[in-house]
Amino acid sequence: MKENLKFEISYTAYPDSSELPELYQQLIAKAKQATNDSYAPYSNFKVGAAVLLNNGEIILGSNQENASYPLGLCAERTALSAAASLASNEKIKAIAITAKSAKNPVLQPAAPCGICRQVIFEAENKHHQNIEIILTGEQGIVYVFKSIKDLLPLHFDANFL
Ligand code: THU
């Protein structure tokens, strides 16, 4: 018999980053700093990501575009690749993501694209530890998710292979 199912996603909204714990305020500040290294001459949409490791180290990434558009890399994947390359054994506690645009101010939390959600999922799976996802725009509201599973409830799992 057919069954109608639902996913329930819970997350926390903070009206402003100043209400977050100090460490996460710092992580957002680092993600904002990372937008300055973005190479986005085509979209002018600069994304920054800051990965917090269990040992307290913070690794940054930003989007890196290419004239061959599909080659462009998102900030999240740049940051996670850097973290995996520089500290492969260190588990990931959190990732903060933000964006700024020359055209329109980004007033909503920047949410990761589908590809990056899958990559964040793999990082969670690899280290057997949930990664908190902190999303913000240029100012104002901040969303905090406890795990990528809340943003990608049906995920492609390496355990299927
Ligand atoms: N972008 C990211 O860096 N992260 C996302 O999650 C969404 C999109 C980048 C890709 C491209 O360089 C620019 O934002 C505009 O799409």
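**Exercise 1. A residue at the end of a helix**

Just after helix 3, His-128 takes a positive phi of about 50°. The structure is a predicted model. Task: state where His-128 lies and decide whether it is buried or exposed.

Solution.
- Step 1. The loop between helix 3 and strand 5 holds His-128.
- Step 2. His-128 is not a glycine, and its phi near 50° is positive.
- Step 3. The relative accessible area of His-128 is 71%. Exposed means over 50%, so His-128 is exposed.

**Exercise 2. A second positive phi**

Task: find the loop that holds Asn-44, give its phi and classify its accessibility.

Solution.
- Step 1. Asn-44 belongs to the loop between helix 1 and strand 2.
- Step 2. Its phi is near 55°, again a positive value in a residue other than glycine.
- Step 3. With 34% relative accessibility, Asn-44 counts as partly exposed.

**Exercise 3. The length and sides of helix 3**

Task: check the span of helix 3 (residues 114-127), then work out how its buried residues are placed around the axis.

Solution.
- Step 1. Helix 3 has 14 residues, and at 1.5 Å a residue these should span 20 Å. The C-alpha atoms at its ends are 20 Å apart, which agrees.
- Step 2. Its buried residues are Cys-116, Arg-117, Ile-120, Phe-121, Ala-123, Glu-124 and His-127.
- Step 3. These residues cover an arc of only 160° around the axis, so they sit on the same side of helix 3.
- Step 4. A general rule applies here: an α-helix has 3.6 residues a turn, so residues three or four places apart point the same way.
- Step 5. The cover over the buried residues of helix 3 includes helix 2 (75-86), strand 4 and strand 5.

**Exercise 4. The same check for helix 1**

Task: repeat the span check for helix 1 (residues 22-34) and name what its buried residues pack against.

Solution.
- Step 1. The 13 residues of helix 1 should span 18 Å at 1.5 Å a residue. Its end C-alpha atoms are 18 Å apart, in agreement with this.
- Step 2. Tyr-24, Leu-27, Ile-28, Ala-31 and Ala-34 are the buried residues of helix 1.
- Step 3. Viewed down the axis, they fall within an arc of 115°, so they line one face of helix 1.
- Step 4. They pack against strand 2 (45-53), strand 3 (58-62), strand 4 (92-101), strand 5 (132-136) and strand 6 (142-145).

**Exercise 5. The residue Thr-35**

Task: locate Thr-35, classify it as buried or exposed, and list its contacts beyond its neighbours within four places in sequence.

Solution.
- Step 1. Thr-35 is in the loop between helix 1 and strand 2.
- Step 2. Its relative accessibility is 2%. The limit for buried is under 20%, so Thr-35 counts as buried.
- Step 3. Leaving aside neighbours within four places in sequence, Thr-35 touches Lys-46, Val-47, Gly-48, Thr-98 and Lys-100.

**Exercise 6. Two salt bridges**

Task: identify the two salt bridges and describe the partners in each.

Solution.
- Step 1. Side chains of opposite charge can pair when their charged atoms come close.
- Step 2. Lys-149 and Glu-124 form a salt bridge, with their closest N and O atoms 3.0 Å apart. This pair links distant parts of the chain, since Lys-149 is in the segment after strand 6 and Glu-124 is in helix 3, 25 residues apart.
- Step 3. Lys-149 is partly exposed at 37% relative accessible area, whereas Glu-124 is buried at 3%.
- Step 4. Glu-132 and Lys-146 form a salt bridge with closest N and O atoms 3.2 Å apart. Here Glu-132 is in strand 5 and Lys-146 is in the segment after strand 6, 14 residues apart.
- Step 5. Glu-132 counts as buried at 16% relative accessibility, and Lys-146 is exposed at 56%.

**Exercise 7. Strand 1 and its partner residues**

Task: find which residues Thr-12 contacts, leaving aside neighbours within four places in sequence.

Solution.
- Step 1. Thr-12 is in strand 1 (residues 12-14) and is partly exposed, at 37% relative accessible area.
- Step 2. Its contacts are Val-142, Tyr-143 and Val-144.
- Step 3. Thr-12 and Tyr-143 are 131 residues apart in sequence, yet their C-alpha atoms are 5.6 Å apart in space.

**Exercise 8. A nonpolar surface patch**

Task: name the residues of the nonpolar surface patch and describe Leu-154.

Solution.
- Step 1. Phe-7, Ile-9, Tyr-11 and Leu-154 make a nonpolar surface patch of about 470 Å².
- Step 2. Leu-154 is in the segment after strand 6 and counts as exposed at 69% relative accessibility.

Conventions
Residues are numbered from 1 along each chain as its sequence is written. This is a predicted model: local features need pLDDT of at least 70, side-chain atom pairs count only at pLDDT 80 or more; totals for chains, interfaces and linings use all residues. Side-chain values use heavy atoms; hydrogens and water are left out. Helices (H or I, at least four residues) and strands (E, at least two) are DSSP runs, numbered from the N terminus. The expected span of a helix is 1.5 Å times one less than its number of residues. Buried means under 20% relative accessible area, exposed over 50%, partly exposed in between (1.4 Å probe, protein chains only). The arc is that of the directions from the helix axis to the C-beta atoms. Contact means heavy atoms within 4.5 Å. Patches are made of residues with over 30% relative accessible area and no salt bridge: like charges are joined within 9 Å, nonpolar side chains (Val, Leu, Ile, Met, Phe, Trp, Tyr) within 5 Å. Accessible areas come from the Shrake-Rupley method with a 1.4 Å probe; for residues, only the protein chains shown count as cover. A salt bridge is a side-chain nitrogen of Lys or Arg within 4 Å of a carboxyl oxygen of Asp or Glu.
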